[in-house]
Amino acid sequence: MPGSGGRTGVTMSRRDVPQRERDAVPLGRVRLDRFTRAERSIHHVTAVLMLICLATAALLYLPMLSTLVGYREVVKTVHVWCGFALPAPIVLGLVSRAFRADLRRMNRFAPHDWAWLKSSDRRVVRAGRGVFPVGKFNAGQKLNAAFTAGAILIMLGTGEIMTFPGPWGDRWRTGATFVHDWLFLLIAVVTAGHLWEAFRDRGALSGMLTGRVDLDWAARHHAGWADDWQRSSRRAQVRAVDADPDGASAEDGPDFAKRRPDLS
């Protein structure tokens with residue numbers, strides 16, 4: 001639900017442009033690091049496993065498709081193993097510091113998240129900036145991540161009961177089958193909505209594919225996150241101005257060296 005442990009949101013692609021010329025560069029040419037390679041890998045592997053599970057579930061669930069494709073035992077085996085593998089990318093991804101930081105962001109709901117959810121037009125932009133101070137993730141993305149995590153755990157548990165029914169009674173097996181089947185339909189709907197939102201937003205799609213987004217896109221869709229990046233960038237510039245580029249102090253200059261010790 002981007003190299004491992006790298007910092008996100010603090011890198012400019014125009015670092016080689018002279019400082020006096022940077023202010024004239026349009027915002028669209030300023031690129032922010034949004035997801036590290038590790039985060040993108042976690043997302044991509046989880047997405048592939050989820051899509052395989054949905055496709056094989058449809059083949060097993062719908063008689064017309066099952067008859068058309070055949071090889072039911074092979075389809076079932078692929079479905080079971082991909083289902084059991086679903087949590088693996090997320091668990092392994094906890095090694096990444098950037099991924100853990102994003103999990104903490106997704107686990108926090110702020111007042112503006114509720115306002116964003118209640119709004120009838122969440123994409124309102126004024127003066128090139130979104131009206132809601134959305135952070136790195138909006139409320140919809142946070143809810144989708146929470147639903148996906150919960151769905152994976154439930155599907156894993158019910159799938160285990162269905163795959164190894166021996167230790168379980170009839171009520172457990174019947175209940176697990178009911179929950180598994182209906183949750184599959186709900187996951188299919190949510191996944192379709194997620195893909196729809198992703199493909200209609202080129203900036204978001206680019207961020208997940210390349211790991212980087214334009215500053216103007218961030219300001220329109222994630223204004224709070226863009227503001228944090230700009231504040232961090234300004235602080236870095238102030239530190240750079242205060243520091244002597246050669247690492248030498250004024251007292252090391254030739255004029256100071258020529259002064260007599262008793263002169264101030």
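Is Arg 108 buried or exposed? Arg 108 is exposed, because its relative accessible area is 55% and the cut-off for that class is over 50%. The model is predicted. The protein chain has 264 residues, of which 33% count as buried, and its secondary structure comprises 13 helices and four strands. About 16900 Å² of the chain is exposed, and carbon and sulfur atoms supply 62% of that area. The structure holds 10 salt bridges.

**Surface patches**

- Arg 108 is one of four arginines in a surface patch of positive charge; the others are Arg 97, Arg 100 and Arg 104.
- Arg 108 sits in the loop between helix 6 (97–106) and helix 7 (111–118).
- A nonpolar patch on the surface is formed by Val 48, Ile 52, Tyr 71, Val 74 and Val 78. Together these residues have about 470 Å² of accessible area.
- At least two residues of the nonpolar patch come from helix 2 (37–61), and at least two come from helix 4 (72–85).
- Tyr 71 belongs to the loop between helix 3 (63–69) and helix 4.
- Tyr 71 counts as exposed because its relative accessible area is 67%, and the class begins over 50%.

**Salt bridge between Asp 102 and Lys 136**

- Side chains of opposite charge can pair when their charged atoms come close.
- Asp 102 and Lys 136 form a salt bridge through their side chains, with an N to O distance of 3.1 Å. Asp 102 is in helix 6 and Lys 136 is in the loop between strand 3 and helix 8, so this pair ties together parts that are 34 residues apart in sequence.
- Asp 102 counts as buried, with 4% relative accessibility.
- Lys 136 also counts as buried, with 3% relative accessibility.

**Salt bridge between Asp 113 and Lys 142**

- The closest N and O atoms of Lys 142 and Asp 113 are 2.8 Å apart, and the two residues form a salt bridge. Lys 142 lies in helix 8 and Asp 113 in helix 7, so the pair ties together parts that are 29 residues apart in sequence.
- The side chains of Asp 113 and Lys 142 are also joined by a polar contact of 2.8 Å.
- Asp 113 counts as buried because its relative accessibility is 0%, and the limit for buried is under 20%.
- Lys 142 is buried too, at a relative accessible area of 8%.

**Salt bridge between Arg 123 and Glu 197, and a network**

- Glu 197 and Arg 123 form a salt bridge in which the closest N and O atoms are 3.5 Å apart. This pair links distant parts of the chain, 74 residues apart: Glu 197 is in helix 9 (residues 170–199), and Arg 123 is in the loop between helix 7 and strand 2 (125–126).
- Glu 197 counts as partly exposed, at 38% relative accessibility.
- Arg 123 likewise counts as partly exposed, at 40% relative accessibility.
- Asp 102, Arg 105 and Lys 136 are joined into one network by salt bridges that share partners.

**Loop residues Asn 138 and Ala 127**

- Asn 138 is placed in the loop between strand 3 (129–130) and helix 8 (139–163).
- From that loop, the side chain of Asn 138 reaches the backbone nitrogen of Gln 141 at 2.8 Å.
- Asn 138 counts as buried because its relative accessible area is 13%, and buried means under 20%.
- Ala 127 is in the loop between strand 2 and strand 3.
- Most residues other than glycine have a negative phi. Ala 127 is not a glycine, yet its phi is positive, at about 55°.
- Ala 127 counts as exposed, with 88% relative accessibility.

Note on methods. Residues are numbered from 1 along each chain as its sequence is written. This is a predicted model: local features need pLDDT of at least 70, side-chain atom pairs count only at pLDDT 80 or more; totals for chains, interfaces and linings use all residues. Side-chain values use heavy atoms; hydrogens and water are left out. Patches are made of residues with over 30% relative accessible area and no salt bridge: like charges are joined within 9 Å, nonpolar side chains (Val, Leu, Ile, Met, Phe, Trp, Tyr) within 5 Å. Accessible areas come from the Shrake-Rupley method with a 1.4 Å probe; for residues, only the protein chains shown count as cover. Buried means under 20% relative accessible area, exposed over 50%, partly exposed in between (1.4 Å probe, protein chains only). Lys and Arg count as positive and Asp and Glu as negative; His and the chain ends are not counted. The place of a charge is taken as NZ of Lys, CZ of Arg, CG of Asp or CD of Glu. A polar contact is a pair of N or O atoms within 3.5 Å; within protein, one must be able to donate a hydrogen and the other to accept it, and residues adjacent in sequence count only if both atoms are side-chain atoms.
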